[in-house]
Amino acid sequence: MSEVALPQRFRFAAWLERGFGLAFPFIVALVVASIILLAVGQNPVDTFTLMVQESFGSTRRISATLSAATPLLFTGVATAVCFRSGVFNVGVEGAFVIGGLCGAFIGFSLSASFGFSLIPLALLFAAICGALWLYIPGYLLARFDVDEVVSTLMLNFVALGITGYLVNGPLLSEISGNNVTPLVHEAAQLPRLLPPSTLHGGFLIGLVVLAAYGLWSTRTAYGFESALVGLNKRFSRAVGISIPRTIIAVMILSGIVAGIGGASHALGQLHRFADGFSPGYGFTGMAVALLGRNTAVGILLGAILFGALASAGTTVQLFSDIPLDIVNIIEGTVMIFAVVEIGRFALRRRRSK
């Protein structure tokens, strides 16, 4: 055996292990869904074929899938930034909602004379607010060792309470019967990429954010240092890496990405902020990040997968007697087995202290 062939074999084995790890939760979900479909008298092959057609069967369906995947690109990256650094941040949902309200606020409160500069202004304001929002639990963890799971989870409820009060009170639209803010100016709306589909410019922004994350995590010294902190804190301290500074920095980065994601959703999808703005994009982003092993390519695939399930789920039951609950079961099973990674994550964290 040559000295060159051996490392190549190891690399292939590592690639195979990672690929299987990515596919394992999805395979289990398909098996579970197949059993349930057989139990209710449905053909699993026909059902899955219909779901694939409704997700990728035409340009219109692909657009719908990518539109559903757009918020998950942001929340997946925002989660992965922290997870790979050993910070278990579950507060992306709150930062996403805060960013959405802040982006919409700039979009309808500033004068329309700002023109297309409203879009970068709204994204910038949302990024700042998202960063400040997650700076709080980051500082508490770095300075006082406050458990970030508890603090970020509680902040999600605070975010929902604040935004709910504002959208039902001072920022409530006077001409709408629903609990929504006024529409943002037309110049502040992200353009639709493939009308009449809802795919908008936020998808392109999400791809840019994803590419930036990929470069940051694999090609920069700070990205390497943050990953090293997640792998082994004792070793990181020994080589001179500041653990508190890294924790605060990744939380701020996570808030920036989540804030921009919320603003993109408000400016591109809804053109306003509404009560119930997010159906859980932040929590689904956790599953996307875990399923994708915190890699840029993995996050992209995970976001498209969940986007496809969401897109197909809303139309499959229109063309068959298959209940929407089957799609929810698949999503839930994928998330459960993806979250198994959390156990490994926590174990690795304890060992590294």
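**A chat about salt bridges, helices and pockets**

Reader: Hi! Let's start with Arg61 and Glu54: buried or exposed?

Author: Hi! Arg61 and Glu54 are both buried. Do keep in mind that this is a predicted model.

Reader: Noted. What do their side chains do?

Author: The side chains of Glu54 and Arg61 come together in a salt bridge, with 3.8 Å from N to O.

Reader: How many salt bridges are there by this rule?

Author: The count is two.

Reader: Which residue does Glu225 pair with?

Author: Glu225 forms its salt bridge with Arg245, through their side chains, at 3.8 Å from N to O. This pair links distant parts of the chain, since Glu225 sits in helix H8 (residues 221-231) and Arg245 in helix H10 (residues 243-270), 20 residues apart.

Reader: And how accessible is Glu225?

Author: Glu225 has a relative accessible area of 24%, so it counts as partly exposed. Its partner Arg245 is also partly exposed, because its relative accessible area is 47%.

Reader: Nice. New topic: why is helix H11 described as largely enclosed?

Author: Helix H11 runs over residues 281-291, and 10 of its 11 residues are buried, so the rest of the structure largely encloses it.

Reader: Which residues of H11 are buried?

Author: The buried ones are Tyr281, Gly282, Thr284, Gly285, Met286, Ala287, Val288, Ala289, Leu290 and Leu291.

Reader: I was wondering about Phe283. What does it form on the surface, and with which residues?

Author: Phe283 belongs to a nonpolar surface patch together with Val150, Leu153, Met154, Phe157 and Leu160. Together these residues have about 550 Å² of accessible area.

Reader: Where does the largest share of that patch come from?

Author: From helix H6, residues 148-168, which gives five residues. Met154 is one of the residues in H6.

Reader: How accessible is Met154?

Author: Met154 has 43% relative accessibility, which means that it counts as partly exposed.

Reader: Back to H11 for a second. What happens just after it?

Author: Arg293 follows H11 with a positive phi of about 55 degrees. Arg293 is not a glycine, and its place is the loop between H11 and H12.

Reader: What about Asn294, where does it lie?

Author: Asn294 lies in the loop between H11 and H12. Asn294 is not a glycine either, yet its phi is positive, about 60 degrees.

Reader: Is Asn294 buried or exposed?

Author: Asn294 is buried, because its relative accessible area is 18% and the cut-off for buried is under 20%. Arg293, at 28% relative accessibility, is therefore classed as partly exposed.

Reader: While we're on backbone geometry, which peptide bond is cis?

Author: The bond from Pro195 to Pro196 is cis, with omega near 10 degrees. Pro196 is in the loop between H6 and helix H7 (202-219).

Reader: On to pockets. What volume does the second largest one have?

Author: The second largest pocket has a volume of about 580 Å³. It is lined by 26 residues, and those closest to its centre are Ala68, Tyr281, Ala310, Ser311 and Thr314.

Reader: We've met Tyr281 already! Which helices each supply at least two residues of that lining?

Author: Yes, Tyr281 is among the buried residues of H11. The helices that each supply at least two residues of the lining are H3 (59-83), H10, H11, H12 (296-319) and H13 (325-352). H3 contributes the most, with seven residues.

Reader: How do the residues of that lining divide?

Author: The lining of the second largest pocket has 12 nonpolar, 11 polar and three charged residues.

Reader: How many cavities of 30 Å³ or more does the structure hold?

Author: One cavity of 30 Å³ or more. The largest cavity has a volume of about 40 Å³.

Reader: Which residues line the largest cavity?

Author: Its lining is made of Ser67, Thr70, Pro71, Phe74, His200, Gly261, Ser264, His265 and Gln269. H3 and H10 are the elements that give two or more residues to this lining.

Reader: Last one: how do the residues lining the largest cavity divide?

Author: Seven are polar, two are nonpolar and none is charged. H3 and H10 also appear among the helices that supply at least two residues each to the lining of the second largest pocket.

Reader: Great, thanks for the tour!

Definitions and conventions. Residues numbered from 1 in each chain as written. Predicted model: local features only at pLDDT ≥ 70, side-chain atom pairs only at ≥ 80, totals over all residues. Heavy atoms only, no water. Buried < 20%, exposed > 50% of the residue type's maximum accessible area, 1.4 Å probe, protein only. Helix = DSSP H or I, 4+ residues; strand = E, 2+ residues; numbered from the N terminus. Patch = residues over 30% accessible without salt bridge, like charges linked within 9 Å, V, L, I, M, F, W, Y side chains within 5 Å. Areas by Shrake-Rupley, 256 points an atom, 1.4 Å probe, with all protein chains shown as cover. Salt bridge = Lys/Arg side-chain N within 4 Å of Asp/Glu carboxyl O. 1 Å grid on protein atoms, 1.4 Å probe; cavity = no way out; pocket = protein on both sides within 12 Å on 5 of 7 lines; lining within 4 Å. Points joined across faces, edges and corners; volume = space filled by probe spheres on them. Nonpolar A, V, L, I, M, F, W, Y, C, P; charged D, E, K, R; others polar.
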